[in-house]
Amino acid sequence: MNAAVLHTINQPPRFEQFPEPVAEENEVIVHVLAAALKPIDKQMASGSHYAAYSKLPVVCGMDGVGSLDDGTRVFFGGPRPPYGSMAERTVVSRSRCFPIPDNVNDDIAAAVVNPGLSAWGALVWRAQLAPGETVLILGATGVTGKLAIQTAKLLGAGRVIAVGRNEQVLNTLHDLGADTTIHLGKPDQDLTEAFVREAGDSGFDVIIDYLWGPTTEALLAAVVRRDLKPASSRVRLVEVGESAGPTISLAAAVLRSSRLEIFGAGSGNAAASPEIWIEAVRQLMSNVACGALRIDTERVPLDEVENAWQREQQGRRAVIIP
Ligand SMILES: NC(=O)c1ccc[n+]([C@@H]2O[C@H](COP(=O)([O-])OP(=O)(O)OC[C@H]3O[C@@H](n4cnc5c(N)ncnc54)[C@H](OP(=O)(O)O)[C@@H]3O)[C@@H](O)[C@H]2O)c1
């Protein structure tokens, strides 16, 4: 079958032939219709992810949309290596297949689940966002950041501040619900001052962070309080991605002068029960179907995967079509 096959860590996969998968107990063969090309797919292939591939060759792709032998259309996650979603067929555990409604097309369904559930999980499960709270999103111009803006508004956030690098995309974020935007193209000191101005007296309640690195350091410099009074409210920072850097330097003063709490949102702390996932996927699809959540996608034929792998996405998700 045709597949996107990775032979060398830190190289793009190649379009070539790969052996057909065979289902074992409790597994199903999925005939793939669409597979989104996400940062995690690239990180797994570049070796920069904590769960990066240890055995090669593998077919790339962590999830997708496909049909089962009985014709059911499903979203599936976690194909059994060396099989992946960027291929004509793959093999997954039956419990990792979720039926999807007819009114959401293959590309959107394939693209929205990873960033949509991540945005939802970070805001609801980790930050426990309450209606009326102020949310700041670092990396709001990315696909996941754009969904986080919309999700925060759906959940009743009071004010959403979108922070990003790409000015063209940043200028479109008001349409998705951002109340204010901050452009990253300024020196760290100026950026910290912009954060201080936006924080005002009440501060940020929730920070969803897709960047980490120097941008987060500039933000945390703004969270440090310059008096000896108790801070009136908590600041919950949820670390989701590391697009700007894998580490930060954390000043001790920020933890003592504020009520900063730092969480992570990822596979290690995701909701455990399958019922919670099924309900979250159902809710996500329903919000997409009624237009309450929007995501930009671009269809890419499987034989162009190598080229797509190396392109910047500009807030739009490439979806590989076998
Ligand atoms: N933990 C999880 O479960 C989970 C789930 C989804 C995503 N993530 C992570 O979250 C991050 C964003 O995901 P995504 O889907 O939004 O990816 P994406 O669509 O590729 O967007 C990447 C974002 O990072 C920004 N960026 C990249 N390099 C930067 C730099 N040096 N300085 C400042 N901004 C920079 C981009 O800004 P421009 O618009 O200017 O290019 C864009 O906003 C990734 O690290 C991804 O792995 C984690």
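Here are some worked exercises on the structure above, which is a predicted model.

**Exercise 1. Helix packing**

Task: Classify the packing of helices α2 and α3, and give the handedness of their crossing.

Solution:
- Start by finding the two helices: α2 covers residues 106-126 and α3 covers residues 143-154.
- Next, take the geometry: the angle is about 50 degrees, and the axes lie 9 Å apart.
- Now compare with the cut-offs: angles under 35 degrees count as roughly parallel, while 65 to 115 degrees count as roughly perpendicular.
- The angle of about 50 degrees fits neither class, so α2 and α3 are oblique to each other.
- To finish, look at the handedness: the crossing of α2 past α3 is right-handed.

**Exercise 2. A salt bridge across the sequence**

Task: Find which parts of the chain R80 and E24 link, and say whether each residue is buried, partly exposed or exposed.

Solution:
- Begin with the contact: the side chains of R80 and E24 form a salt bridge with an N to O distance of 3.9 Å. The cut-off is 4 Å.
- Then place the partners: R80 sits in the loop between β6 (73-77) and β7 (89-93), and E24 in the loop between β2 (14-17) and β3 (27-36). The pair is 56 residues apart and links distant parts of the chain.
- Check exposure next, with partly exposed running between 20% and 50%. R80 has a relative accessible area of 23%, so R80 is partly exposed.
- E24 reaches 52% and therefore counts as exposed.
- Last, widen the view: E24 and R80 belong to a salt-bridge network together with E27. The structure as a whole holds 16 salt bridges.

**Exercise 3. R234 and its partner**

Task: Identify the salt-bridge partner of R234 and explain what the pair ties together.

Solution:
- The partner is E261, and the closest N and O atoms are 2.8 Å apart.
- R234 lies in the loop between α6 (214-223) and β13, whereas E261 is in strand β14 (residues 260-264), so the bridge ties together parts 27 residues apart in sequence.
- For exposure, R234 has 34% relative accessible area and is partly exposed. E261, with 27%, is also partly exposed.

**Exercise 4. Backbone features**

Task: Locate the cis peptide bonds at P57 and P82, then the positive phi angles of N10 and W212.

Solution:
- Take the bond between L56 and P57: it is cis, with omega about 0 degrees. P57 falls in the loop between α1 (39-46) and β4 (58-59).
- Move on to the bond from P81 to P82: it is cis too, with omega near 15 degrees. P82 is in the loop between β6 and β7.
- Turn to phi: N10 is not a glycine, yet its phi is positive, about 75 degrees. N10 belongs to the loop between β1 (2-6) and β2, and its relative accessible area of 56% makes N10 exposed.
- W212, not a glycine either, has a positive phi of about 60 degrees. W212 is in the loop between β12 (206-209) and α6, and at 12% relative accessibility W212 counts as buried.

**Exercise 5. A nonpolar patch**

Task: Name the residues of the nonpolar surface patch that includes L250, and place L250 in the chain.

Solution:
- The patch is made by L250, L255 and I262, with an area of about 240 Å².
- L250 is in the loop between β13 (235-239) and α7 (252-257).
- With a relative accessible area of 37%, L250 is partly exposed.

Notes. Residues are numbered from 1 along each chain as its sequence is written. This is a predicted model: local features need pLDDT of at least 70, side-chain atom pairs count only at pLDDT 80 or more; totals for chains, interfaces and linings use all residues. Side-chain values use heavy atoms; hydrogens and water are left out. Patches are made of residues with over 30% relative accessible area and no salt bridge: like charges are joined within 9 Å, nonpolar side chains (Val, Leu, Ile, Met, Phe, Trp, Tyr) within 5 Å. Accessible areas come from the Shrake-Rupley method with a 1.4 Å probe; for residues, only the protein chains shown count as cover. Helices (H or I, at least four residues) and strands (E, at least two) are DSSP runs, numbered from the N terminus. Buried means under 20% relative accessible area, exposed over 50%, partly exposed in between (1.4 Å probe, protein chains only). Axes are lines fitted to C-alpha atoms, for helices over the stretch in contact, and angles run from 0 to 180 degrees between N-to-C directions. Angles under 35 degrees count as roughly parallel, over 145 as roughly antiparallel, 65 to 115 as roughly perpendicular and the rest as oblique. A crossing is left-handed if the near helix is turned anticlockwise from the far one by less than a right angle, and right-handed if clockwise.
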